[in-house]
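Student: I'd like to learn how to read cysteines, a nonpolar core and aromatic pairs from a model. Can we go through them one at a time?

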Amino acid sequence: HALIWGAQAPGFLANASAAQIETAIRQWFQAVQDHYDPMGGLKIIDVLNEPVNTPINREIANLKAALTLGYQNEAANQGDRNNSYGWAIWPFQLARKHFPNAELLINEFNTEHNWNNCRAEYIRMSNAIKNAPNLTDGRKNIIDGIGLQAHGMNGTLNLSAANYKACLDEIWTKTNLPLHITELDLVAVPDEQAQRTKYQEFFTISWEHPHVAGITMWGYIQGATWIGGN
């Protein structure tokens with residue numbers, strides 16, 4: 001469901017050069033455009049998925065090097081070639097070029113309860129993308145929203161409603177980018193009544209928040225979701 005996702009990158013990245021991967025990324029974005037344009041295009045895209053919290057391994061290191069190379073090879077970036085977030089910016093530049101009418105999102109997990117203090121870095125990265133130019137006319141319009149996966153907020157993590165709202169408020173205040181709750185699911189831990197209560201809390205806060213642009217449920221039929229107990 002994402003254009004660039006280190007944790008789900010193809011295995012050939014482990015032994016490919018940055019130049020080879022850069023070429024493959026360009027071909028991949030073009031292939032996605034060619035596939036969906038005849039259907040009317042894509043409305044919303046997770047362009048870069050889990051860029052903060054995914055552990056670094058060899059495949060991801062090679063991917064990051066290729067994304068950095070792609071960023072540095074673009075004429076629009078020559079005035080800021082050494083931007084430390086160039087690897088995160090380039091996928092959005094490519095996405096805006098190939099999908100000019102789509103809503104382009106960054107997406108991350110565990111931001112809601114600030115796992116390992118990830119929220120500040122997520123905000124910095126999002127702002128770096130927001131302030132970068134597109135590849136066609138230099139306008140700063142390559143990101144349309146910030147995705148919060150909203151997994152695991154109940155159960156052992158037990159995020160409070162107040163802290164959830166504080167997260168939404170902080171990210172909006174520091175980025176002024178619309179928020180998307182992208183993968184909402186809450187397991188029945190310890191029971192369905194507790195699950196119901198948490199859904200009422202989190203969904204109501206999201207729905208009523210003036211800067212939450214959308215909510216995507218991540219499945220609720222037992223046996224047909226990525227995690228048990230939904």
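Tutor: Sure. Keep in mind that this is a predicted model.

Student: Let's start with the cysteines. How many disulfides are there?

Tutor: The general idea: a disulfide is a covalent bond between the sulfur atoms of two cysteines. Here the count is zero disulfides.

Student: Why is there no bond between Cys 118 and the closest cysteine sulfur?

Tutor: Distance. To count as a disulfide, the two sulfurs have to lie within 2.5 Å. The sulfur of Cys 118 has its closest cysteine sulfur in Cys 167, 8.5 Å away, so that is too far for a bond. Looking from Cys 167 gives the matching answer: the closest cysteine sulfur is that of Cys 118, at 8.5 Å, again too far.

Student: And is Cys 118 buried or exposed?

Tutor: Buried, because its relative accessibility is 3% and the cut-off for buried is under 20%. Cys 167 is buried too, with a relative accessible area of 0%.

Student: On to the core. Which residues have the most contacts inside the largest nonpolar core?

Tutor: For a core, look for buried nonpolar residues joined through their side chains. The largest one here has 53 residues, and Ile 25, Phe 92, Ile 106 and Ile 129 have the most contacts inside it. Helix 3, residues 86–98, gives the most to this core, with seven residues.

Student: Take Ile 129. What is it in contact with, beyond its neighbours within four places in sequence?

Tutor: With those neighbours left aside, Ile 129 touches Ala 88, Ile 89 and Phe 92, along with Ile 106, Ile 142 and Ile 143. Two of the names from before, Phe 92 and Ile 106, turn up in that list.

Student: Last topic: how many aromatic pairs does the structure hold?

Tutor: Three. To read a pair, check the distance between ring centres and then the angle between the planes. Phe 109 and Trp 115 are 5.6 Å apart centre to centre with 40° between the planes, a tilted pair. Phe 109 is buried at 17% relative accessible area, while Trp 115 is partly exposed at 35%.

Student: What about Phe 203 and Trp 207, and why is that pair stacked?

Tutor: Their ring centres are 6.0 Å apart and their planes are at 15°, so the pair is stacked; the cut-off for that is under 30 degrees. Both residues lie in helix 6 (residues 192–208), four residues apart, which is about one turn of the helix.

Student: Is Trp 207 buried or exposed?

Tutor: Exposed, at 65% relative accessibility, whereas Phe 203 is partly exposed at 29%.

Methods
Residues are numbered from 1 along each chain as its sequence is written. This is a predicted model: local features need pLDDT of at least 70, side-chain atom pairs count only at pLDDT 80 or more; totals for chains, interfaces and linings use all residues. Side-chain values use heavy atoms; hydrogens and water are left out. Buried means under 20% relative accessible area, exposed over 50%, partly exposed in between (1.4 Å probe, protein chains only). A nonpolar core is a set of buried Ala, Val, Leu, Ile, Met, Phe, Trp, Tyr and Cys residues joined through side-chain atoms within 4.5 Å. Helices (H or I, at least four residues) and strands (E, at least two) are DSSP runs, numbered from the N terminus. Contact means heavy atoms within 4.5 Å. Rings of Phe, Tyr and Trp (its six-membered ring) pair if their centres lie within 6.5 Å; planes under 30 degrees apart count as stacked, over 60 as edge-to-face and the rest as tilted.
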